[in-house]
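Let's take a walk through this model together, one region at a time. Keep the 3D view open and follow along as we go.

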Amino acid sequence: MADCHDPGLLRKRLTRLRDRLAAELGPLDAPPVEDCLPAFTGFAARVTVVDRAYLAGVLRAGTCVFEGAQGVLLDEWHGFHPYTTWSTTTFANAEALLAEAGLAGTARRLGVLRTVTTRHGPGPLVTEDRALPLTDPRNPTNPWQGRFRFGHFDAVAHRYALEVAGGVDGLVLTHLDLTDRPLRICRRYDTVDRLPVGPPGDLDRQAALTDRLLAARPVYDDPPADWVSAVEDELAAPVVLTSHGPTAEDKRPVPAEGRQSPAEGRRSESTGAEQSESAGARRPGSAEVGDHLVPAAR
């Protein structure tokens with residue numbers, strides 16, 4: 001980022017990047033380097049570029065939230081290859097930043113998931129149901145990602161996501177305002193009820209898992225009378241926050257008093273629970289913040 005303050009150095013870096021990409025991909029449909037310089041230098045003039053010591057100070061000053069950029073099931077090493085993003089979407093990056101700041105092990109790990117399961121574009125979505133009357137205004141079908149797809153609650157996929165992320169301290173369950181629609185819960189597939197987890201780096205293994213999922217079929221149970229309890233039971237983690245709409249007023253903390261965590265007594269038997277998105281907050285984070293599904297127009 002500091003290169004944006006130095007037009008000469010920035011020009012060299014952008015030229016090198018352009019040449020490398022052109023060698024790999026062929027002619028680029030991109031503006032000339034000289035036309036890009038004003039945008040980068042203008043950005044540098046509007047923001048404060050800080051060094052590594054800055055983050056440690058911010059973390060010690062109060063609570064910070066780290067939000068995963070993508071859902072865990074899109075993780076480059078643990079997602080369903082090749083339908084993934086080329087970055088790490090578990091808690092690992094946030095944990096690394098905390099460790100650099102001398103605050104390793106201080107995060108509260110939250111898994112964020114919906115009462116429906118979604119995917120933008122191709123790839124496994126075992127519980128997909130095109131008849132679900134839902135739409136997402138902020139994630140429309142487009143040429144580069146494809147169709148935004150909807151499915152019923154997939155406990156198998158969520159268990160896998162939580163396990164590869166290393167477990168959570170609590171779950172955030174959103175879109176509870178949609179549970180009056182014909183949403184069902186999938187606790188197992190026709191061939192398996194738990195997906196295998198392996199060490200990162202083996203994309204052939206992940207591709208084989210993708211093939212299995214593309215052939216799998218969901219086994220549905222009736223909609224639960226109590227979604228919070230059902231999700232807690234299936235994922236062996238407590239729901240600590242619920243969302244019943246798109247605004248801050250629609251978020252409701254779940255009190256812990258008088259309620260035993262479903263994970264108690266099970267943690268020693270499980271390597272963790274699962275989720276679609278991850279967030280970490282220091283103690284003194286494809287669904288995104290602000291997005292909300294709505295019923296499709298009839």
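A good place to begin is the pair of helices H1 and H2, whose crossing is right-handed. This is a predicted model, so the geometry described here belongs to the prediction. The axes of H1 (residues 7-25) and H2 (residues 33-46) approach to within 10 Å and cross at roughly 125 degrees. Angles of 65 to 115 degrees would count as roughly perpendicular and those over 145 as roughly antiparallel, and H1 and H2 are therefore oblique to each other. If you would like to display the contact, select Pro-7, Leu-10, Arg-11, Leu-14, Thr-15 and Arg-18 on the H1 side. Their partners on H2 are Val-33, Glu-34, Cys-36, Leu-37, Phe-40 and Thr-41. By residue class, this contact holds 7 nonpolar, 2 polar and 3 charged residues.

Moving along the chain, stop at the loop between strand E1 (65-67) and helix H4 (92-100), where Pro-82 lies. The peptide bond that leads from His-81 into Pro-82 is cis, and its omega is near 10 degrees.

Next come two strands with polar side chains to look at. Arg-109 is part of strand E2, which spans residues 107-114. Is this arginine buried or exposed? With a relative accessibility of 16%, Arg-109 counts as buried, because the cut-off for buried is under 20%. Its side chain has a partner: Arg-109 makes a polar contact with the side chain of Glu-95, at 2.9 Å.

Thr-118 sits in strand E3 (residues 117-120). Thr-118 is buried too, with a relative accessible area of 13%. The side chain of Thr-118 forms a polar contact with the side chain of Arg-114, at 2.7 Å. You can also pick out Phe-153, which is 35 residues away from Thr-118 along the chain, while their C-alpha atoms are separated by 9.1 Å.

From there, turn to helix H5, residues 155-165. How many of its residues are buried? The count is 11 of 11, so the helix is mostly covered, given that a residue under 20% relative accessible area is buried. The buried set includes charged or polar names such as His-158, Arg-159 and Glu-163, alongside others including Val-156, Tyr-160 and Leu-162. Both ends of H5 deserve a look. At the start, a side-chain oxygen of Asp-154 comes to within 3.1 Å of the backbone nitrogen of Val-156. Just past the other end, Gly-166 adopts a positive phi of about 90 degrees.

Positive phi values also turn up outside glycine, and there are two such places to visit. His-175 has phi near 65 degrees, and this residue is in the loop between strand E7 (170-174) and strand E8 (185-189). His-175 is buried as well, with a relative accessible area of 3%.

The other stop is Ala-236, in the loop that links helix H7 (227-235) and strand E10 (239-243). What value does phi take at Ala-236? Phi there is near 55 degrees, which is positive although the residue is not glycine. With 17% relative accessibility, Ala-236 counts as buried.

Notes. Residues are numbered from 1 along each chain as its sequence is written. This is a predicted model: local features need pLDDT of at least 70, side-chain atom pairs count only at pLDDT 80 or more; totals for chains, interfaces and linings use all residues. Side-chain values use heavy atoms; hydrogens and water are left out. Buried means under 20% relative accessible area, exposed over 50%, partly exposed in between (1.4 Å probe, protein chains only). Helices (H or I, at least four residues) and strands (E, at least two) are DSSP runs, numbered from the N terminus. A polar contact is a pair of N or O atoms within 3.5 Å; within protein, one must be able to donate a hydrogen and the other to accept it, and residues adjacent in sequence count only if both atoms are side-chain atoms. Axes are lines fitted to C-alpha atoms, for helices over the stretch in contact, and angles run from 0 to 180 degrees between N-to-C directions. Angles under 35 degrees count as roughly parallel, over 145 as roughly antiparallel, 65 to 115 as roughly perpendicular and the rest as oblique. A crossing is left-handed if the near helix is turned anticlockwise from the far one by less than a right angle, and right-handed if clockwise. Contact means heavy atoms within 4.5 Å. Ala, Val, Leu, Ile, Met, Phe, Trp, Tyr, Cys and Pro count as nonpolar, Asp, Glu, Lys and Arg as charged, and the others, Gly among them, as polar.
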